[in-house]
Amino acid sequence: MIEPLNSPVEVGLRALILLGATYPRSLDLGTMVLMDHALLHSGDLGGPSSLHPDLPNRSGEMGIKRGIYEDGLQVMARAGLVEIQIQPSGIYYSATESGASFIDLLEADYVDRLLERASWLNAESIRVGLPAIRERLRSALGRWTEEFMPHVPAPRNSEVASSE
């Protein structure tokens, strides 16, 4: 069964768009998963409006996305659109020339919005650095988590005394 959202093909396409925007830089998997989250939730970082809605538990997306992201990158690599580079510091990915040409062929509003956000995210990551992007995202997710936590009133003194 093919999953319509976050399938390896969709995630691989987002990875390709991200790698196209960061070309010629190559990125490791952890950075790509983080940047993919920032790409979809760019509003959290003060960028263009987010493509995906602000739903509870979205911070958990990154944990489950890593495996799907690896699968998506493999799909793009088998198609010759992404290059896998094994370096002493780890495994890195970059877009190929064919990947960049493929992106130019895509015509869809969603792809245009991804391209806009990927370009913004690349410029932002160059301007402030990836560690700052990580920290801003962590801060936004923490703030977001607090905003959606149910409010539980503190126990009154009489309730504390009666429970002891």
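Colleague: What does the accessible surface of the chain come to, and what percentage of it belongs to carbon and sulfur atoms?

Modeller: This is a predicted model, in which local features need pLDDT of at least 70, side-chain atom pairs count only at pLDDT 80 or more, and totals for chains, interfaces and linings use all residues. Residues are numbered from 1 along each chain as its sequence is written, and side-chain values use heavy atoms, with hydrogens and water left out. Accessible areas come from the Shrake-Rupley method with a 1.4 Å probe, and for residues only the protein chains shown count as cover. The accessible surface of the chain comes to about 9,500 Å², and the part belonging to carbon and sulfur atoms is 56%.

Colleague: In what order do the elements of the chain run from the N terminus?

Modeller: Helices (H or I, at least four residues) and strands (E, at least two) are DSSP runs, numbered from the N terminus. The chain has 7 helices and 3 strands. Their order is α-β-α-α-β-β-α-α-α-α.

Colleague: Which strands are the edge strands of the open sheet?

Modeller: Two strands pair if DSSP finds at least two bridges between them. Strand 1 (residues 27-28) is joined to strand 3 (residues 90-95) by 2 bridges, while strand 2 (residues 82-87) pairs with strand 3 over 6 bridges. The open sheet of 3 strands is antiparallel and has the order 1-3-2. Pairing on one side only, the edge strands are strand 1 and strand 2.

Colleague: Which residue of strand 3 does Val-82 stand opposite?

Modeller: Strand 2 and strand 3 form a hairpin, with 2 residues between them. On the pairing with strand 1, Leu-27 faces Tyr-93 of strand 3. The residue of strand 3 opposite Val-82 is Ala-95.

Colleague: Which helix gives the most to the largest nonpolar core?

Modeller: A nonpolar core is a set of buried Ala, Val, Leu, Ile, Met, Phe, Trp, Tyr and Cys residues joined through side-chain atoms within 4.5 Å. The largest one has 34 residues, and Leu-19, Met-32, Tyr-69, Leu-73 and Leu-121 have the most contacts inside it. At least two of its residues come from each of helix 1 (8-22), helix 2 (29-40), helix 3 (61-78), strand 3, helix 5 (109-128) and helix 6 (130-148). With 8 residues, the element that gives the most is helix 2.

Colleague: Which residues is Leu-19 in contact with, leaving aside its neighbours within four places in sequence?

Modeller: Contact means heavy atoms within 4.5 Å. Among contacts in the chain between residues at least 6 apart in sequence, 68% join residues at least 24 apart. With neighbours within four places set aside, the partners of Leu-19 are Leu-27, Met-32, Leu-73, Val-82, Tyr-93, Ser-94 and Ala-95.

Colleague: Why does Thr-31 count as buried?

Modeller: Buried means under 20% relative accessible area, exposed over 50%, and partly exposed in between (1.4 Å probe, protein chains only). Thr-31 lies in helix 2 and, beyond its neighbours within four places in sequence, is in contact with Leu-130 and Arg-134. Thr-31 counts as buried because its relative accessibility is 3%.

Colleague: Is Ile-84 buried or partly exposed?

Modeller: The place of Ile-84 is in strand 2. At 35% relative accessibility, Ile-84 counts as partly exposed.
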